[in-house]
Amino acid sequence: MNTANPQLEGLYLALAAINRLLVEKGLLSNVEIQDVLQTAERAVLADEKQLTISSSHQKAVAFPIRLLLLANEAHEHGETFCFDDLAREIGRRT
């Protein structure tokens, strides 16, 4: 991620923390969070506007969703994570 976006980095980590709390409080499961995030990711990547925007733009829009998916996956396995690790893993997977 561009170093000019530290506010977004913080926002993504805050959302990941909220997701963890929702699971810990029993309000949602990791599977439910994963399902809703995957639905959002599919919607972004299948957006009919894709003919007018580049695939790199679509990937940029999908980035925070993918980051939250990875954070959810890490939490489900009891692993700790940092933004840089998650961002690198997204790069490896795409």
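**Exercise 1.** Helix α3 passes helix α4 in a right-handed crossing (right-handed if the near helix is turned clockwise from the far one by less than a right angle, left-handed if anticlockwise); determine how closely their axes come and at what angle they cross.

*Solution.* The model is a predicted one, in which local features need pLDDT of at least 70 and side-chain atom pairs count only at pLDDT 80 or more, whereas totals for chains, interfaces and linings use all residues. Residues are numbered from 1 along each chain as its sequence is written, and side-chain values use heavy atoms, with hydrogens and water left out.

Step 1. The axes of α3 and α4 come within 9 Å and cross at roughly 110°, where an axis is a line fitted to C-alpha atoms, for helices over the stretch in contact, and angles run from 0 to 180 degrees between N-to-C directions. Helices here are DSSP runs of H or I with at least four residues, numbered from the N terminus.

Step 2. That angle makes α3 roughly perpendicular to α4, because 65 to 115 degrees counts as roughly perpendicular, under 35 as roughly parallel, over 145 as roughly antiparallel and the rest as oblique.

Step 3. The contact (heavy atoms within 4.5 Å) is made by F63, R66, L67, L70, A71 and E73 on the α3 side, and by F83, L86, A87, E89, I90 and R93 on the α4 side.

**Exercise 2.** Check the end-to-end span of α3 against its number of residues, then locate its bend.

*Solution.* Step 1. Helix α3 covers residues 55-76, and because the expected span is 1.5 Å times one less than the number of residues, its 22 residues should span 32 Å; the end C-alpha atoms are 30 Å apart, which agrees.

Step 2. The helix bends by about 40° at A62, with a proline, P64, following within four residues; the bend is the angle between axes fitted to the seven residues ending at a position and the seven starting there.

Step 3. Just after α3, G78 takes a positive phi of about 75°.

**Exercise 3.** Describe how α2 is placed against α3, and decide whether E41 is buried or exposed.

*Solution.* Step 1. The axes of α2 and α3 come within 9 Å and cross at roughly 165°, which makes α2 roughly antiparallel to α3, and the crossing is left-handed.

Step 2. E41 belongs to α2, which spans residues 30-45, and at 15% relative accessibility E41 counts as buried (under 20% relative accessible area is buried, over 50% exposed and in between partly exposed, with a 1.4 Å probe and protein chains only).

Step 3. Beyond its neighbours within four places in sequence, E41 is in contact with I65, R66 and L69, residues that are among those of α3 that meet α2.

**Exercise 4.** Describe how α1 is placed against α3, and work out what H75 contacts beyond its neighbours within four places in sequence.

*Solution.* Step 1. Helix α1 (residues 6-24) and α3 have axes that come within 10 Å and cross at roughly 40°, which makes α1 oblique to α3; the crossing is right-handed.

Step 2. Y12, L15, A16, N19, R20, V23 and E24 of α1 meet F63, P64, L67, L68, A71 and H75 of α3.

Step 3. H75, at 18% relative accessibility, counts as buried, and, leaving aside its neighbours within four places, H75 is in contact with R20, V23, E24 and N30. Of these, R20, V23 and E24 are listed in α1, while N30 is listed in α2.

Technical notes
Helices (H or I, at least four residues) and strands (E, at least two) are DSSP runs, numbered from the N terminus.
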